[in-house]
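User: Give me a close look at one part of this model, the packing between helices. Spell out the cut-offs as you go, and add whatever context helps me place it.

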Amino acid sequence: MQPNQYINFIFFKVDPAFRRLSIEEQKRRKDEFQQVVKKYMNHSDLMLLYYSLVGLRADVDFMFWRIGKYLEIFQEMTTKLLHTGLGQYLTIPYSYLSMAKRSMYVDKIAPEHQNSRAFIVPGQYKYLFIYPFVKTRDWYHLTFATRQGMMDEHIQIGNKYPSVKLNTTYSFGIDDQEFVVAFETDEPKDFLDLVQELRETEASRYTLRDTPMYTCIRKNNIDELLDTL
């Protein structure tokens, strides 16, 4: 039995006024922010990864992928970050909450994938692609056998792209979306081809929403991330 995993993808936007501060003042405020982050880096109840979106989207600058054993740790950390010198210049345009759990659909090609997806172990790849996902209500009115049949096609296509790792997390009742999906890869082109091919599947007809989409570049540490701001 694995403990519950709560997942949070929290996106931050830096006020342009921050960049008009002196270099010394920017550094002082970044250092204060950094010290809070470092207190959580080795926390036994939290996994923390850093991603930059500077130059890739206009509405966000960086993102933390947080995996915790309880919800309160997200709130505690965010409160402390927003009270730092840099935090005073940050807004949170998006934040997605979800949980890890085993898929109800059987991967007949690689059954072991069901177990690995029940517990998220992230951070092995340079790029991360994230989006919230909502199915139509008609999807849930189909029989399970019908849905499994459509998912067989979906899974078959996914297995054609071994360079792309899928992390599916669930948000039913705890956030606006039903799922948050996060794809890790070192090859963005493979992810693009995968998504294009998935658009042609039968299951795709039952997608209500799968935007906004975020392209994130992983940074090895908080210092490297803050250098992009």
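Analyst: What follows covers the overall fold, then two helix pairs, then a few individual residues.

Keep in mind that this is a predicted model, where local features need pLDDT of at least 70, side-chain atom pairs count only at pLDDT 80 or more, and totals for chains, interfaces and linings use all residues. Residues are numbered from 1 along each chain as its sequence is written, and side-chain values use heavy atoms, with hydrogens and water left out.

For the backdrop, the protein has seven helices and nine strands (DSSP runs numbered from the N terminus: H or I of at least four residues for helices, E of at least two for strands). Its radius of gyration is 19 Å, close to the 17 Å that the globule rule gives for 229 residues, so the protein is as compact as a globular protein of that length. That radius is taken over C-alpha atoms, and the rule is 2.2 Å times the number of residues to the power 0.38. Along the principal axes, the C-alpha trace spans about 60 × 35 × 30 Å. Buried residues account for 46% of the 229 (buried is under 20% relative accessible area, exposed is over 50%, partly exposed is in between, with a 1.4 Å probe and protein chains only).

Now the packing itself. Two packed helices are described by the angle between their axes and the distance between the axes. Axes here are lines fitted to C-alpha atoms, for helices over the stretch in contact, and angles run from 0 to 180 degrees between N-to-C directions.

Take α1 (residues 23-41) and α2 (residues 72-82): their axes come within 9 Å and cross at roughly 160 degrees. That makes α1 roughly antiparallel to α2 (over 145 degrees; under 35 is roughly parallel, 65 to 115 roughly perpendicular, and the rest oblique). Their crossing is right-handed, which is the clockwise case: the near helix is turned clockwise from the far one by less than a right angle, anticlockwise being left-handed. On the α1 side, Phe 33, Val 36, Val 37 and Tyr 40 make the contact, and they meet Ile 73, Glu 76, Met 77, Lys 80 and Leu 81 of α2 (contact means heavy atoms within 4.5 Å). By class, that is seven nonpolar, no polar and two charged residues; Ala, Val, Leu, Ile, Met, Phe, Trp, Tyr, Cys and Pro count as nonpolar, Asp, Glu, Lys and Arg as charged, and the others, Gly among them, as polar.

Next come α5 (residues 144-158) and α6 (residues 188-198), which pack at about 160 degrees with axes 10 Å apart. That makes α5 roughly antiparallel to α6, and this crossing is right-handed. His 154, Ile 157 and Gly 158 of α5 touch Leu 194, Glu 197 and Leu 198 of α6, giving three nonpolar, two polar and one charged residues.

Phe 144 also sits in α5 and is partly exposed at 36% relative accessibility. Leaving out residues up to four places away in sequence, Phe 144 touches Met 104 and Tyr 105. Met 104 is 40 residues from Phe 144 along the chain, yet their C-alpha atoms are 9.5 Å apart.

One last spot away from the helices: most peptide bonds are trans. Thr 211 and Pro 212, though, are joined by a cis peptide bond, with omega about 0 degrees, and Pro 212 lies in the loop between β8 (207-209) and β9 (214-219).
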